[in-house]
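Reader: Before I use these coordinates for anything, could you take me through the fold and a few of its contacts step by step?

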Amino acid sequence: MKYTDKVMEHFLNPQNAYSMDNYDGKGYYGSVECGDYIEVYIKVKDNVLTEVSYMVYGCTASVATSSMMSTLAKGKTIEQALKITEDDVENALDGLPEEKRHCSNLGVGALKNAIKNYQGIEVSYEESIF
């Protein structure tokens with residue numbers, strides 16, 4: 001399996017990978033069957049995601065897509081962050097192998113769940129798995 005240089009860069013040097021204290025929102029996403037799992041933490045000020053961090057358990061693609069999601073979301077308004085798609089993450093990484101494309105769901109799903117948590121919207125179990 002061949003990964004792009006950007007995927008390897010984010011895998012070897014993940015951005016914003018830490019557990020955040022005093023977060024404003026926290027979201028989960030993952031699949032026990034797949035073995036990939038992520039928690040995303042956000043801090044919000046004046047409707048802007050001022051800080052986005054995550055803790056991820058998974059493969060090379062899971063780490064890289066989580067890292068890229070965090071860099072794409074940081075500094076965005078809530079509305080802009082909610083519009084980030086799996087394709088945006090994959091394109092920013094210059095692509096993923098076909099069998100790893102589902103990994104881009106991890107960060108995006110957890111980010112959306114963290115925003116819902118911040119907004120006081122309850123997230124169902126079905127919205128937290130893929």
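Author: This is a predicted model, and the protein averages a pLDDT of 94, with 98% of the residues scoring at least 70.

Reader: In which element is confidence lowest, and what is the mean there?

Author: Confidence reaches its highest value in α3, at 98. At the other end of the range stands a strand, where the mean is 92, and that strand is β1.

Reader: What is the order of the strands in the sheet?

Author: The sheet is open, has 3 strands and is paired in the antiparallel sense. β1 and β3 stand at the edges with a single partner strand each, so one side of each is left without a neighbour in the sheet. Neighbouring strands are turned by 15° against each other on average, direction ignored. The order is therefore β1-β2-β3.

Reader: How many bridges join β2 to β3, and how many pair β1 with β2?

Author: Both pairings run antiparallel. Between β2 and β3 there are 9 bridges, and within that pairing Tyr37 stands opposite Tyr57, while Lys45 has Val48 as its bridge partner. On the other side, Gly25 is bridged to Ile42 and Lys26 to Tyr41. The pairing of β1 with β2 extends over 7 bridges.

Reader: Which residue in the turn of the hairpin has a positive phi?

Author: The hairpin is formed by β2 and β3, with 2 residues between them. The positive phi in this turn is about 50°, and the residue that has it is Asp46.

Reader: Is β2 largely enclosed or largely open, and how many of its residues are buried?

Author: A residue is called buried when its relative accessible area is under 20%. For comparison, β1 is mostly covered, with 6 of its 7 residues buried. β2 is largely enclosed by the rest of the structure, because its buried residues number 7 of 10.

Reader: Which helices pack on the sheet, and at what angle does α5 run to β1?

Author: One of these helices is α2, which touches β2 and β3 and whose direction makes about 175° with that of β3. Another is α5, which touches β1, β2 and β3. The direction of α5 makes an angle with that of β1 of about 145°.

Reader: What is the span of α5, and how does that span compare with the expected one?

Author: Helix α5 covers residues 104-118, which is 15 residues, and 21 Å would be expected at 1.5 Å a residue. The helix is followed by Gly120, whose phi is positive, near 80°. From first C-alpha to last, α5 comes close to the expected span, reaching 22 Å.

Reader: Which elements do the buried residues of α5 pack against?

Author: The buried residues of this helix include Leu106, Val108, Leu111 and Ile115, and also the polar-named positions Ser104 and Asn113. Together, the buried residues of α5 pack against β1, β2, β3, α2, α3 and α4.

Reader: Is Asn113 buried or exposed, and which residues beyond its sequence neighbours is it in contact with?

Author: Asn113 lies in helix α5, and its relative accessibility is 4%, so it counts as buried. Leaving aside neighbours within four places in sequence, Asn113 is in contact with Lys26, Gly27, Tyr28, Tyr29, Val123, Glu127 and Ser128.

Reader: How many aromatic pairs are found, and why is the pair of Tyr23 and Tyr41 called tilted?

Author: A search of the whole structure finds 2 aromatic pairs. In the pair of Tyr23 and Tyr41 the ring centres are 5.5 Å apart and the planes stand at 50°, so the pair is tilted. Tyr23 lies in the loop between α1 and β1, whereas Tyr41 lies in strand β2, so the pair ties together parts that are 18 residues apart in sequence. Tyr23 is partly exposed at 36% relative accessible area, whereas Tyr41 is buried, at 4%.

Reader: How far is Thr50 from Ile129 in space, C-alpha to C-alpha?

Author: Thr50 is found in strand β3 and is partly exposed, with a relative accessible area of 39%. Beyond its neighbours within four places in sequence, Thr50 is in contact with Lys43, Val44, Lys45 and Lys74. Ile129 is 79 residues away from Thr50 in sequence, and the C-alpha to C-alpha distance between them is 26 Å.

Key: Residues are numbered from 1 along each chain as its sequence is written. This is a predicted model: local features need pLDDT of at least 70, side-chain atom pairs count only at pLDDT 80 or more; totals for chains, interfaces and linings use all residues. Side-chain values use heavy atoms; hydrogens and water are left out. Helices (H or I, at least four residues) and strands (E, at least two) are DSSP runs, numbered from the N terminus. The expected span of a helix is 1.5 Å times one less than its number of residues. Buried means under 20% relative accessible area, exposed over 50%, partly exposed in between (1.4 Å probe, protein chains only). Contact means heavy atoms within 4.5 Å. Two strands pair if DSSP finds at least two bridges between them. pLDDT is the predictor's confidence in each residue, from 0 to 100. Rings of Phe, Tyr and Trp (its six-membered ring) pair if their centres lie within 6.5 Å; planes under 30 degrees apart count as stacked, over 60 as edge-to-face and the rest as tilted. Axes are lines fitted to C-alpha atoms, for helices over the stretch in contact, and angles run from 0 to 180 degrees between N-to-C directions.
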